[in-house]
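Dear colleague,

I am passing on the structure we spoke about, and below it you will find my notes on what turned up when I went through it. Please read them with the structure open beside you.

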Amino acid sequence: MKVVFVTPRYGPEIMGGAESASRTLAEHLAAEPGFEVAAYSTCALDHLTWENQLPAGDTDMNGVTLTRFKVASERQEEFFKFDGKLRRSPRHVSWEQSERWLDLNGPQVPELIAALRSGDADVAVFSPYLFLPTVAGIRSARMPTVLHPAAHDEPALYFPAIGDAFARSDALCYYTAAERRLVQRLYPVAEKAQIVLGIGLGDPIEGGQKGGDLLGLGDRPYLISVGRVDDHKGSAMLDTFFRRYKEHRPGPLALALVGRVHSTIEPHPDIVATGEVDEPTKWDLLRDASAAVSPSAMESFSLAIMEAWEQAVPVVVNALCEPTRDHCAHSGGGLWFGSYRQFEVVIDRLSADAELRRRLGASGRAYVQEHYQWPALTARYARFLESVVERGASARV
Amino acid sequence: MSGKGPEAAAAADLAVAHDYLAKVMGEIDEEVLRRRSSGDLPLRVERELDELFLKYSPMAGRDGSLEEALGVVEAASFIDPVVPVESSKPGGALVKQSIRRASLWYMGWVVHQINQFASATSRTLRVLDDRVRALQTEFDAQRVLPAPVIETKWAHGPGAWWVDRVLETIAGQSGRVLHTAAGDGWFVRRLAERELDAYGVDPREGRIDRAEVEGLDLREEAVLDHLRAVAPEGLGGLVLTGVVDGMSAAERDAVVALAGRIIAPFGRVVVHSLSEAGWTSDDAPVEADLASGRPLRSRTWATLFGRAGFEVEVIDGPGSLDYLVIAVSDGGGEGVHSTR
């Protein structure tokens, strides 16, 4: 079976998020007998500018035939103004406005859409829901389509052109049951073929160094937050909360922000922003952390907290993020905060109580081991794709 | 030797982990309330921090977040007229101080009134919250629980008399066919064997785990929630077994109305229900006693579906302990047939 994955960005440079999840799924699927896996993406690395930074053309990446297409035009400043306007009342956005928003959000890759239209794949897989290649691709593809929405409760999810993409897709793949509940609250898609899959974890590839040494912190305890450092991901909030916390608790506890930085992080003696790190460094940093914080309210799964649990590290999540809070509640592996006050108390408790950290970490690890190991996930997904292909593409008028 | 299998041991460990987490989060919430009342954090600062927390929050709040929302309202209901005067420019602080001093009498007068209004609003919301809580308590005492799944050994399994009859009725149907309550997917499997595009929903926790491993499309969801999220004319067939028997009147109305919307033209709805005799039989499950509703007579279902534009056939089971109602969407018309 020929499968093509479509994501706005693709490659190991993209840490965390739906694009990274798609890549790892594509690579594991490519290792399954009977599957030939391709990926269509862009030459961009930065989702804010869509600047072409990588060469266009075909390449092989871990068993996946990757084709990168040039982005036709970089993101214009106009997008941010228009986005701000629509965010005020997303439930009242018109079809034309949402189409305009999608065009501005991009990335504009007409060659990718043309390749899909003329492609011979048996099934096309799109993720996440938010970008033009997904919406335009689902409209254009002749083969059956699977949407991995990576949906969270944000304004764009309510736009009519997005709802249309959900309606046109032939099948849906969710990361969590919470994501499915959210989508089904908004759109009548319950009868579509679907699966709640999650994301698999491989064995940690550690580098054998001490996390504190890598961060220049020595033996100081530290909290870690892995993923894009971005205001939308709650990074600015975490940065502010931690600074406030340290004003009244001048102890050794530090915070490591690990991931590409899109926010302004002012220098602080207790905060280290590492930028992007390689896999062994990430696993070393995670292993030695006191706790991993996921401040984002907009996660549809959060691979970062699964990786922390794989290392038996307890997690702290945003109480307003249903999927991550559900993970914590179901596993017993993490705490949550819904205000600065709660953040302060949660960090106090975790810092002072080694037994609490141990028990939460152990529960989280058991949860990951039971639900999110690659071989079982890949096999389930392969069966799911086979059923989607068997069912065929619906007429997309 | 405890004699517990690994699955039971894992379930027990998970239950302990859940209890522990609930205890810790309970203690954290208590400590948050204690610190909030201690006044150790200026209200203005707490408000700013909470606004920052909410800046990139989901469109819809979580259930049960009223207390948190009220906390945010209360934190925001104090307006501080004493403007900060720090400045990075030389002499800037002095200028700001002078402006503040000159305008404080005026700002203070205005802000005092706004604070009074905000405080009254906040108190009103608390009063409303108390009333809502009282109503909630009263409501909970009289709450109608969602209909349980009612299953008996003789009526809900591969050997039941209606299985072949339903397979025959649904055979050849185009569009997806939903079975609920699907349990481990035994009937979905039978439908799939007939080349039907079938899937299942079951509201009971943990019932679908094994079936998912076998690659069936089964989901753990509340039945009505699921039906509400199906596209208009999205189903070719709907088979309801064990789910309508104990439904309340409102839930039954919803099922019929939803069926009218989500079943494609010439699609089929099949309802299997126990009769009054089956419901009160010795081997009926305890859920039958606890359910908010009692089984309807078959002809009542027939009437309801007939009114909704379905052509209806009724088939009584052996000994009249249960029955089938087969409703065919024909876009109008009314008619009831009975077979024994």
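**Notes on the model**

Ser320(B) sits in the loop of chain B that connects strand E6 (310–316) with strand E7 (322–329). Please keep in mind throughout that this is a predicted model. The phi of Ser320(B) is near 55°, a positive value although the residue is not glycine, and Ser320(B) counts as partly exposed, because 13 other C-beta atoms lie within 10 Å. Most residues other than glycine have a negative phi, and most peptide bonds are trans.

Chain A has a residue with a positive phi as well, namely Trp50(A), whose phi is about 60°. Trp50(A) belongs to the loop between strand E2 (36–42) and strand E3 (57–61) of chain A, and it is buried, since 26 other C-beta atoms are found within 10 Å.

Two cis peptide bonds also deserve a look. One joins Gly106(A) to Pro107(A), with omega at about -5°, and Pro107(A) is placed in the loop between helix H3 (95–105) and helix H4 (110–118) of chain A. The other runs from Ser127(A) to Pro128(A), with omega near -10°, and here Pro128(A) lies in the loop that follows strand E5 (123–126) and precedes helix H5 (132–140) of chain A.

Chain A also contains an open sheet of 6 strands in the order E11-E10-E9-E12-E13-E14, paired in parallel. Its edge strands, each pairing on one side only, are strand E11 (271–275) and strand E14 (334–337) of chain A, and neighbouring strands of the sheet are turned against each other by 25° on average, direction ignored. Within the sheet, strand E12 (residues 291–294) and strand E13 (residues 315–318) of chain A run parallel and are joined by 3 bridges, with Ala292(A) standing opposite Val315(A) of E13(A). Helix H10 (residues 279–287) of chain A lies across strand E9 (222–226), strand E10 (254–258) and E12 of chain A, and runs at about 140° to E9(A).

Finally, a word on confidence. The model scores ipTM 0.77 and pTM 0.78. Chain B has an average pLDDT of 84, with 87% of the residues scoring at least 70; in that chain, confidence is highest in strand E4 (residues 235–241), at 96, and lowest in strand E8 (residues 335–339), at a mean of 48. Over residues 332–336 of chain B the pLDDT is below 50, and this stretch has 11 contacts in the model beyond near neighbours in sequence. Where pLDDT is low, the predicted coordinates should not be read in detail.

With kind regards

Terms used: Residues are numbered from 1 along each chain as its sequence is written. Chains are lettered from A and ligands numbered from 1 in the order in which they are written. This is a predicted model: local features need pLDDT of at least 70, side-chain atom pairs count only at pLDDT 80 or more; totals for chains, interfaces and linings use all residues. Helices (H or I, at least four residues) and strands (E, at least two) are DSSP runs, numbered from the N terminus. A residue is buried if 20 or more other C-beta atoms lie within 10 Å of its own, exposed if 12 or fewer, and partly exposed in between; C-beta atoms are placed from the backbone. pLDDT is the predictor's confidence in each residue, from 0 to 100. Two residues are in contact if their C-beta atoms, placed from the backbone, lie within 7 Å. Two strands pair if DSSP finds at least two bridges between them. Axes are lines fitted to C-alpha atoms, for helices over the stretch in contact, and angles run from 0 to 180 degrees between N-to-C directions.
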